Amino acid sequence: ARINTLGERNESTADAATRLGQVLWYKGNSEVEAEHLLRVGLAIRVGLYGPDDFRLDRSFTPLGRFLNSMGRGAEAELLARRSLELRRSVYGDDHPRVAAALNNLAAALLTQGRIGEARQIYRDVVRRYRSSGGGDQLMLAVAIHNVGDTFLRQERLDSAELYLSDALHMRARLEGGNDPSVALLWYDLGSLQRRE
(Lines give C-alpha, C1' and ligand atoms only; values in the text may rest on other atoms or scores of the structure.)
Protein backbone atom coordinates (compact mmCIF):
# COMPACT_ATOMS: atom_id res chain seq x y z
CA ALA A 1 0.00 0.00 0.00
CA ARG A 2 1.17 3.49 -0.82
CA ILE A 3 2.44 5.33 2.25
CA ASN A 4 0.93 8.79 2.45
CA THR A 5 1.63 9.70 6.06
CA LEU A 6 5.07 9.21 7.48
CA GLY A 7 4.70 11.20 10.69
CA GLU A 8 6.89 14.13 11.58
CA ARG A 9 9.01 15.52 8.74
CA ASN A 10 12.51 15.21 10.15
CA GLU A 11 15.83 13.58 9.23
CA SER A 12 14.87 10.30 10.91
CA THR A 13 11.72 10.09 8.81
CA ALA A 14 13.67 10.95 5.64
CA ASP A 15 16.22 8.28 6.48
CA ALA A 16 13.53 5.68 7.21
CA ALA A 17 11.72 6.43 3.93
CA THR A 18 14.97 6.20 1.97
CA ARG A 19 16.05 2.94 3.59
CA LEU A 20 12.62 1.36 3.17
CA GLY A 21 12.63 2.44 -0.47
CA GLN A 22 15.99 0.74 -0.93
CA VAL A 23 14.74 -2.47 0.69
CA LEU A 24 11.70 -2.57 -1.60
CA TRP A 25 13.91 -1.91 -4.61
CA TYR A 26 16.33 -4.70 -3.66
CA LYS A 27 13.40 -7.08 -3.18
CA GLY A 28 12.59 -6.38 -6.80
CA ASN A 29 8.81 -6.50 -6.78
CA SER A 30 7.82 -3.05 -5.52
CA GLU A 31 9.50 -0.54 -7.84
CA VAL A 32 6.63 1.99 -7.79
CA GLU A 33 6.54 2.05 -4.00
CA ALA A 34 10.33 2.09 -3.80
CA GLU A 35 10.55 5.15 -6.04
CA HIS A 36 7.78 6.86 -4.08
CA LEU A 37 9.62 6.37 -0.79
CA LEU A 38 12.98 7.44 -2.21
CA ARG A 39 11.35 10.62 -3.52
CA VAL A 40 9.60 11.21 -0.18
CA GLY A 41 12.98 11.01 1.56
CA LEU A 42 14.40 13.57 -0.87
CA ALA A 43 11.39 15.89 -0.53
CA ILE A 44 11.66 15.84 3.27
CA ARG A 45 15.35 16.71 3.11
CA VAL A 46 14.77 19.54 0.63
CA GLY A 47 12.09 20.88 2.98
CA LEU A 48 14.42 20.65 5.97
CA TYR A 49 17.67 21.88 4.45
CA GLY A 50 16.90 23.67 1.18
CA PRO A 51 17.92 22.65 -2.35
CA ASP A 52 21.72 22.92 -2.05
CA ASP A 53 22.60 21.29 1.26
CA PHE A 54 25.14 18.44 1.32
CA ARG A 55 22.71 16.25 3.29
CA LEU A 56 20.60 15.92 0.13
CA ASP A 57 23.25 13.50 -1.14
CA ARG A 58 21.76 10.93 1.25
CA SER A 59 18.81 10.92 -1.15
CA PHE A 60 20.45 11.80 -4.48
CA THR A 61 22.68 8.72 -4.48
CA PRO A 62 20.11 5.98 -3.72
CA LEU A 63 17.44 7.58 -5.92
CA GLY A 64 19.91 7.96 -8.77
CA ARG A 65 21.05 4.35 -8.50
CA PHE A 66 17.44 3.20 -8.43
CA LEU A 67 16.53 5.23 -11.52
CA ASN A 68 19.58 3.93 -13.36
CA SER A 69 18.64 0.35 -12.53
CA MET A 70 15.23 1.05 -14.07
CA GLY A 71 16.90 2.19 -17.31
CA ARG A 72 16.22 5.87 -16.66
CA GLY A 73 19.79 7.00 -17.24
CA ALA A 74 19.08 10.65 -18.07
CA GLU A 75 17.29 11.18 -14.74
CA ALA A 76 20.02 9.26 -12.93
CA GLU A 77 22.66 11.42 -14.61
CA LEU A 78 21.12 14.62 -13.22
CA LEU A 79 21.18 13.22 -9.68
CA ALA A 80 24.71 11.85 -10.09
CA ARG A 81 25.94 15.27 -11.24
CA ARG A 82 24.28 16.93 -8.22
CA SER A 83 25.84 14.36 -5.91
CA LEU A 84 29.25 14.91 -7.49
CA GLU A 85 28.93 18.67 -7.10
CA LEU A 86 27.97 18.37 -3.43
CA ARG A 87 30.74 15.90 -2.63
CA ARG A 88 33.38 18.04 -4.33
CA SER A 89 32.21 21.07 -2.35
CA VAL A 90 32.67 19.22 0.95
CA TYR A 91 35.56 16.81 0.32
CA GLY A 92 37.54 18.44 -2.47
CA ASP A 93 38.32 16.64 -5.71
CA ASP A 94 40.59 13.81 -4.54
CA HIS A 95 38.41 12.08 -1.96
CA PRO A 96 37.25 8.46 -2.47
CA ARG A 97 33.62 9.59 -2.06
CA VAL A 98 34.11 11.83 -5.10
CA ALA A 99 35.42 8.80 -7.01
CA ALA A 100 32.28 6.89 -5.97
CA ALA A 101 30.09 9.74 -7.27
CA LEU A 102 32.01 9.69 -10.56
CA ASN A 103 31.36 5.96 -10.78
CA ASN A 104 27.61 6.59 -10.43
CA LEU A 105 27.79 9.25 -13.14
CA ALA A 106 29.60 6.88 -15.50
CA ALA A 107 26.98 4.18 -14.86
CA ALA A 108 24.21 6.63 -15.79
CA LEU A 109 26.03 7.56 -18.99
CA LEU A 110 26.50 3.90 -19.84
CA THR A 111 22.77 3.29 -19.43
CA GLN A 112 22.21 6.01 -22.04
CA GLY A 113 24.62 4.33 -24.46
CA ARG A 114 27.29 7.02 -24.02
CA ILE A 115 30.04 4.42 -23.79
CA GLY A 116 33.03 6.61 -24.63
CA GLU A 117 32.09 9.21 -22.02
CA ALA A 118 31.51 6.50 -19.43
CA ARG A 119 34.87 4.87 -20.19
CA GLN A 120 36.70 8.16 -19.75
CA ILE A 121 35.14 8.64 -16.31
CA TYR A 122 35.72 5.01 -15.28
CA ARG A 123 39.40 5.41 -16.22
CA ASP A 124 39.55 8.52 -14.06
CA VAL A 125 38.03 6.50 -11.20
CA VAL A 126 40.70 3.80 -11.68
CA ARG A 127 43.41 6.47 -11.60
CA ARG A 128 41.95 7.99 -8.43
CA TYR A 129 41.75 4.67 -6.57
CA ARG A 130 45.27 3.70 -7.67
CA SER A 131 46.74 6.99 -6.49
CA SER A 132 44.84 7.04 -3.18
CA GLY A 133 45.36 3.48 -1.97
CA GLY A 134 47.93 1.56 -3.92
CA GLY A 135 47.74 -2.22 -4.17
CA ASP A 136 44.59 -4.32 -4.34
CA GLN A 137 41.33 -2.63 -3.40
CA LEU A 138 37.78 -3.80 -3.97
CA MET A 139 36.61 -0.49 -5.43
CA LEU A 140 39.64 -0.41 -7.72
CA ALA A 141 38.81 -3.91 -8.97
CA VAL A 142 35.22 -2.82 -9.62
CA ALA A 143 36.40 0.25 -11.53
CA ILE A 144 38.79 -1.83 -13.65
CA HIS A 145 35.94 -4.25 -14.39
CA ASN A 146 33.77 -1.29 -15.45
CA VAL A 147 36.41 -0.09 -17.91
CA GLY A 148 36.63 -3.60 -19.33
CA ASP A 149 32.86 -3.71 -19.70
CA THR A 150 32.87 -0.54 -21.82
CA PHE A 151 35.35 -2.15 -24.22
CA LEU A 152 33.31 -5.35 -24.27
CA ARG A 153 30.17 -3.42 -25.22
CA GLN A 154 31.99 -2.02 -28.23
CA GLU A 155 33.45 -5.42 -29.23
CA ARG A 156 36.99 -4.18 -28.54
CA LEU A 157 37.84 -7.60 -27.22
CA ASP A 158 41.62 -7.31 -26.77
CA SER A 159 41.27 -4.24 -24.55
CA ALA A 160 38.31 -5.76 -22.72
CA GLU A 161 40.31 -8.90 -21.97
CA LEU A 162 43.20 -6.92 -20.47
CA TYR A 163 40.94 -5.06 -18.05
CA LEU A 164 38.71 -8.00 -17.16
CA SER A 165 41.75 -10.21 -16.48
CA ASP A 166 43.25 -7.52 -14.24
CA ALA A 167 39.95 -7.19 -12.34
CA LEU A 168 39.61 -10.97 -12.04
CA HIS A 169 43.07 -11.49 -10.55
CA MET A 170 42.64 -8.59 -8.13
CA ARG A 171 39.24 -9.79 -6.92
CA ALA A 172 40.49 -13.35 -6.56
CA ARG A 173 43.35 -12.10 -4.37
CA LEU A 174 40.94 -9.99 -2.31
CA GLU A 175 37.96 -12.32 -2.03
CA GLY A 176 39.13 -15.81 -2.88
CA GLY A 177 38.42 -17.94 -5.90
CA ASN A 178 34.94 -19.01 -4.80
CA ASP A 179 33.41 -15.54 -4.49
CA PRO A 180 30.42 -14.91 -6.84
CA SER A 181 32.03 -11.73 -8.22
CA VAL A 182 35.07 -13.77 -9.23
CA ALA A 183 32.83 -16.34 -10.89
CA LEU A 184 31.09 -13.54 -12.82
CA LEU A 185 34.43 -12.29 -14.10
CA TRP A 186 35.40 -15.82 -15.19
CA TYR A 187 32.08 -16.00 -17.04
CA ASP A 188 32.69 -12.62 -18.72
CA LEU A 189 36.16 -13.69 -19.81
CA GLY A 190 34.86 -17.01 -21.09
CA SER A 191 32.15 -15.25 -23.08
CA LEU A 192 34.73 -12.86 -24.48
CA GLN A 193 37.04 -15.68 -25.58
CA ARG A 194 34.13 -17.49 -27.22
CA ARG A 195 33.37 -14.31 -29.21
CA GLU A 196 37.03 -14.07 -30.25
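Arg-82 sits at 24% relative accessibility in this predicted model, so the residue falls in the partly exposed class. Its side chain meets that of Asp-52 in a salt bridge, with N and O 3.5 Å apart. The pairing ties together distant parts of the chain: Arg-82 belongs to helix 4 (residues 73-91), while Asp-52 is in the loop between helix 2 (31-49) and helix 3 (57-69), 30 residues apart. The loop partner, Asp-52, is exposed, with a relative accessibility of 57%. Side chains of opposite charge can pair when their charged atoms come close. Altogether, the count of salt bridges in the model comes to 23.

A more local pairing turns up in helix 1 (residues 11-27), where Asp-15 and Arg-19 are 4 residues apart and thus separated by about one helical turn. Here the closest N and O atoms of the salt bridge are 2.9 Å apart. As for solvent, Asp-15 comes out as partly exposed at 28% relative accessibility, whereas Arg-19 reaches 53% and counts as exposed.

Then there is Arg-88, whose side chain forms a salt bridge with that of Asp-93 at 2.6 Å, N to O. Both ends of this pair are partly exposed: Arg-88 has a relative accessible area of 34%, and Asp-93 comes in at 35%. Elsewhere, shared partners knit several salt bridges into one network, made up of Glu-11, Asp-15, Arg-19, Arg-45 and Arg-58. Asp-15 and Arg-19, the helix 1 pair described above, thus turn up again as members of that network.

Asp-57 is a rather different story to tell. This residue lies in helix 3 and is buried, since its relative accessible area of 4% is under the 20% cut-off. The side chain of Asp-57 makes a polar contact with the side chain of Arg-87, at 2.8 Å. Leaving aside residues up to four places away in sequence, Asp-57 touches Pro-62, Ser-83, Leu-86, Arg-87 and Arg-97. Arg-87 therefore shows up both as a polar partner of Asp-57, by the 3.5 Å cut-off, and in the list of residues that Asp-57 touches.

Turning to helix packing, the axes of helix 1 and helix 2 come within 7 Å and cross at roughly 160 degrees. With an angle over 145 degrees, helix 1 therefore counts as roughly antiparallel to helix 2. Their crossing is left-handed. On the helix 1 side, the contact is made by Glu-11, Thr-13, Ala-14, Asp-15, Ala-17, Thr-18, Leu-20, Gly-21, Gln-22, Leu-24 and Trp-25. Helix 2 contributes Glu-33, Ala-34, Leu-37, Leu-38, Val-40, Gly-41, Ile-44, Arg-45, Leu-48 and Tyr-49. Glu-11, Asp-15 and Arg-45 from this contact also belong to the salt-bridge network.

Further along the chain, helix 7 (residues 138-153) and helix 8 (residues 157-175) have axes that come within 8 Å and cross at roughly 160 degrees. That angle makes helix 7 roughly antiparallel to helix 8, and the crossing is left-handed. Residues of helix 7 in the contact include Leu-138, Leu-140, Ala-141, Val-142, Ile-144, His-145 and Phe-151. Among those they meet in helix 8 are Leu-157, Ala-160, Tyr-163, Leu-164, Met-170, Arg-171 and Leu-174.

Methods
Residues are numbered from 1 along each chain as its sequence is written. This is a predicted model: local features need pLDDT of at least 70, side-chain atom pairs count only at pLDDT 80 or more; totals for chains, interfaces and linings use all residues. Side-chain values use heavy atoms; hydrogens and water are left out. A salt bridge is a side-chain nitrogen of Lys or Arg within 4 Å of a carboxyl oxygen of Asp or Glu. Helices (H or I, at least four residues) and strands (E, at least two) are DSSP runs, numbered from the N terminus. Buried means under 20% relative accessible area, exposed over 50%, partly exposed in between (1.4 Å probe, protein chains only). A polar contact is a pair of N or O atoms within 3.5 Å; within protein, one must be able to donate a hydrogen and the other to accept it, and residues adjacent in sequence count only if both atoms are side-chain atoms. Contact means heavy atoms within 4.5 Å. Axes are lines fitted to C-alpha atoms, for helices over the stretch in contact, and angles run from 0 to 180 degrees between N-to-C directions. Angles under 35 degrees count as roughly parallel, over 145 as roughly antiparallel, 65 to 115 as roughly perpendicular and the rest as oblique. A crossing is left-handed if the near helix is turned anticlockwise from the far one by less than a right angle, and right-handed if clockwise.
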